Amino acid sequence: MSTIPLTVIGAGKLRAELQEMKTVQRPAVIAAIAEARSHGDLSENAEYEAAKERQGFIEGRIAELESKLSNAQIIDPALLDASGACVFGATIDLQDMANDAVVTYQIVGDDEADIKEGKISISSPISRALIGKYAGDIAEVLAPGGVREYEILDVRYI
């Protein structure tokens, strides 16, 4: 399996979710299964079926998180020295050439992406257009509404 790029913060969030799954949710679902079993006939017990389904989801998510963390390449943007280039982990100020709106994005791993927080996935079209560019460059992004142009105002590693 290939490595999965994650920022230090993203890796911390995945570790916290894994800890929550193992120490809180897994024991809770085991207790729910035991409670449902105590009600008798399992063939017509909806609570038991729901708890078993939930247990399957939790175990699958635990396995997924463990796999991602074991294959993670954790990158600390503050330690990067990319000489001003747009790279994974960089925080980039952009100006939309069509409407002069200024936005700030950080390029992160797929599991960390959250547009509301200004975090865009390394595999997104805008990230792919930005990688390797410098402040002052124009990035052309193929968006659903056509090509959009962004001027890179600043690149920071924070």
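This section describes the strand pairing around Gln106 and the salt bridges in a predicted model.

The sheet is open and contains five strands in the order 5-4-3-7-6, with mixed pairing. Strand 5 and strand 6 (138-143) are at the edges, and each has a single partner strand, so one side of each lacks a neighbour in the sheet. From one strand to the next, the twist averages 45°. Strands of a sheet pair through backbone hydrogen bonds, in either a parallel or an antiparallel arrangement. Both arrangements involve strand 4 (residues 102-108): strand 3 (residues 91-96) and strand 4 run antiparallel and are joined by five bridges, whereas strand 4 and strand 5 (residues 119-121) run parallel and are joined by three bridges.

Across the antiparallel pair, Leu94 is opposite Val103, and Gln95 is opposite Val102. The hairpin of strand 3 and strand 4 has five residues between the strands, and in this hairpin Asp100 adopts a positive phi near 65°.

Gln106 is located in strand 4 and stands opposite Lys119 in strand 5. Its relative accessibility is 11%, so Gln106 counts as buried, the cut-off being under 20%. Apart from neighbours within four places in sequence, the residues in contact with Gln106 are Thr7, Pro77, Gly89, Ala90, Thr91, Gly118, Lys119, Ile120 and Ile158.

Ten salt bridges are present in the structure. Side chains of opposite charge can pair when their charged atoms come close. Two of the salt bridges link strand 3 to strand 7 (residues 146-156). In one, Arg156 pairs with Asp93, with 2.5 Å between the closest N and O atoms. Because Arg156 belongs to strand 7 and Asp93 to strand 3, this pair ties together parts 63 residues apart in sequence. Asp93 is buried, at a relative accessible area of 15%, while Arg156 is partly exposed, at 26%. In the other, the side chains of Asp96 and Arg148 meet at 2.1 Å, N to O. Asp96 lies in strand 3 and Arg148 in strand 7, so parts 52 residues apart in sequence are tied together. Asp96 counts as buried at 4% relative accessibility, and Arg148 is partly exposed, with a relative accessible area of 33%. A network of salt bridges with shared partners joins Glu17, Arg61, Glu64, Lys68 and Asp111.

Within helix 2 (residues 46-70), Lys68 and Glu64 are four residues apart, which means a separation of about one helical turn. These two residues form a salt bridge, with the closest N and O atoms 3.0 Å apart. Lys68 counts as buried at 14% relative accessibility, whereas Glu64 is partly exposed, with a relative accessible area of 36%.

How values were computed
Residues numbered from 1 in each chain as written. Predicted model: local features only at pLDDT ≥ 70, side-chain atom pairs only at ≥ 80, totals over all residues. Heavy atoms only, no water. Buried < 20%, exposed > 50% of the residue type's maximum accessible area, 1.4 Å probe, protein only. Contact = heavy atoms within 4.5 Å. Pairing = 2+ DSSP bridges. Axes fitted to C-alpha atoms, helices over the stretch in contact; angles between N-to-C directions. Salt bridge = Lys/Arg side-chain N within 4 Å of Asp/Glu carboxyl O.
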